[in-house]
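Reader: I am new to this structure. Please explain the terms as we go.

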Amino acid sequence: MQVPPLKVYNSLSRQKETFEPLNPPFVGIYVCGPTVYNDPHIGNARPAVFFDTLRRYLTYLGYKVRFVRNITDVGHLLGDTNEGEDRISKQARLEQIEPMEIVNHYTQTYHQLIDTLNVIRPSIEPTATGHIIEQIELAQKIISEGYGYVSNGSVYLDVMKYKADYPYGELSGRIVEELQEGTRELDGQEEKKHPADFALWKKASPEHLMRWNSPWGEGFPGWHLECTIMSTKYLGETFDIHGGGMDLMFPHHECEIAQAKASNGGKSPVKYWLHNNMITVDGQKMSKSSGNFVTIGELFSGKHDRLTQPFSPMTVRYFILGAHYRSTLDFSNDGLLGAQKAYKRLMNAKNILGKLAYPASAGELNAKADEEIQGFCTNMVIAMHDDVNTARVIAQLQNIARKINTFYQQPETLAQISADTFALMRDMFLNFTENILGLKEEKNTNVEPFVVGLLELYAEAKAKKEYETVDKIRSYFKSNNLIIKDLKNGVDWAYDEN
Ligand SMILES: [Zn+2]
């Protein structure tokens, strides 16, 4: 199969680049994980599903992937940089519990929901609070390199000093002069040399709940510091892929680059920066105030004004992958209904494929039919290699699904393609559906309606004295460790106690 090499869009160079890992066959990926202070929402689902798919594909290609996704359990302030209360502390205060109870609760919720989306757990899942010492050391290093300063118990990165040596804004395209203009009078502004400076370490105010000792007094790390530490600690000073949502490009990722370069002599920490685009809900930006804020749990339960029914995890996964990761993705009830139908079509095709057998005696080969199938398969790889275009992969899978249906209904057409093409199609369809896109079959686990239905048939057969059917149903129950109970006023079932 002749296909171009894998290319990804690097936000740093603003172009598609051929993917060449630093130390093949190893690939290091770091993705910014959730700040665990509220129920995960659909905006958390997108990067989880997309970067999982990228990881799965690189693994499929034979790379040995180390996938690191952190848990932010301290330091992420409401204002994203130096301002406002710590998100976790605030939630702890509101719920009147310990910050670590907030962290535990929402970490578990995140895991449960993301697991059901068939996202493979990270190879390493470090937490910010587990790396306080390393963060203090990095702040010290930045100070000793001359790019950081202490002010009133806090430590800041000196952006003007950094900018004299390195291009601050290289990732986001932001210009420091513009930042200055837009700056409001915020907490900590008076102690900074320049409004663009950002905190590496913040002095804890007396009421602040999460605090640690440091050379500068009691405080807590700045949000950006944790990702610089946890990515380079586990993946090396320079690693392959750093991912996250587009909203993290500034200030978070820009600051990560500055921290790394300010401490390591100017080496770029990341080879490829990948950013997924944002989601909208019915065409509008999602926000709590506009009432279109949808959590993942609400999608699964259907309990939201904008949803007419529950949507299964695989429907949601299919829906997310149905758009290219750099396009905005609009969540709507109609869109989800469409995804549900399309996902089921793929699963039906998968099940039919399991029943299809290539005929022992080949028929008259039809070169065109053969080429068509091969074309679908090749196009899937081409789409993946064109900046991981899962939307186009899905379109090809649907083309193959249609063919599978035709082969099933008109077996003579199956003999028109070669045995090799059939094997290729089966292999590619299953690999792309299950292993790469991670779309597994959702079996119906609620057997209660089937049991009740069978009992009704049993009662009817009994009334008509159709004893053969009665015995059949009885033995069917028995083989499933259930028994049928004949009561005076009807029938019921129970667990077989023997
Ligand atoms: Zn991060």
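The turns below cover the zinc site, the cores and one helix.

Author: This is a predicted model, where local features need pLDDT of at least 70, side-chain atom pairs count only at pLDDT 80 or more, and totals for chains, interfaces and linings use all residues. Residues are numbered from 1 along each chain as its sequence is written, and side-chain values use heavy atoms, without hydrogens and water.

Reader: What makes Cys 32, Cys 227 and His 252 donors of the zinc ion?

Author: Donors are N, O and S atoms within 2.8 Å of the metal (3.2 Å for Na, K and Ca); water is not among the atoms, so sites may look incomplete. Here SG of Cys 32, SG of Cys 227 and NE2 of His 252 lie 2.0 to 2.2 Å from the zinc ion. Cys 32 sits in the loop between β3 (26-31) and α1 (42-60), and His 252 in helix α8 (residues 249-264), 220 residues apart.

Reader: Why is His 252 called buried?

Author: Buried means under 20% relative accessible area, exposed over 50%, partly exposed in between (1.4 Å probe, protein chains only). His 252 has 1%, so it is buried. Cys 32, at 11%, also counts as buried.

Reader: How do you know that the largest nonpolar core lies between domain 1 and domain 2?

Author: Domain 1 (7-276) and domain 2 (303-436) both give residues to this core, so it lies between them. The bounds come from an automatic or database domain assignment. A nonpolar core is a set of buried Ala, Val, Leu, Ile, Met, Phe, Trp, Tyr and Cys residues joined through side-chain atoms within 4.5 Å. This one has 81 residues.

Reader: What makes α1 mostly covered?

Author: Of its 19 residues, 16 are buried.

Methods
Helix = DSSP H or I, 4+ residues; strand = E, 2+ residues; numbered from the N terminus.
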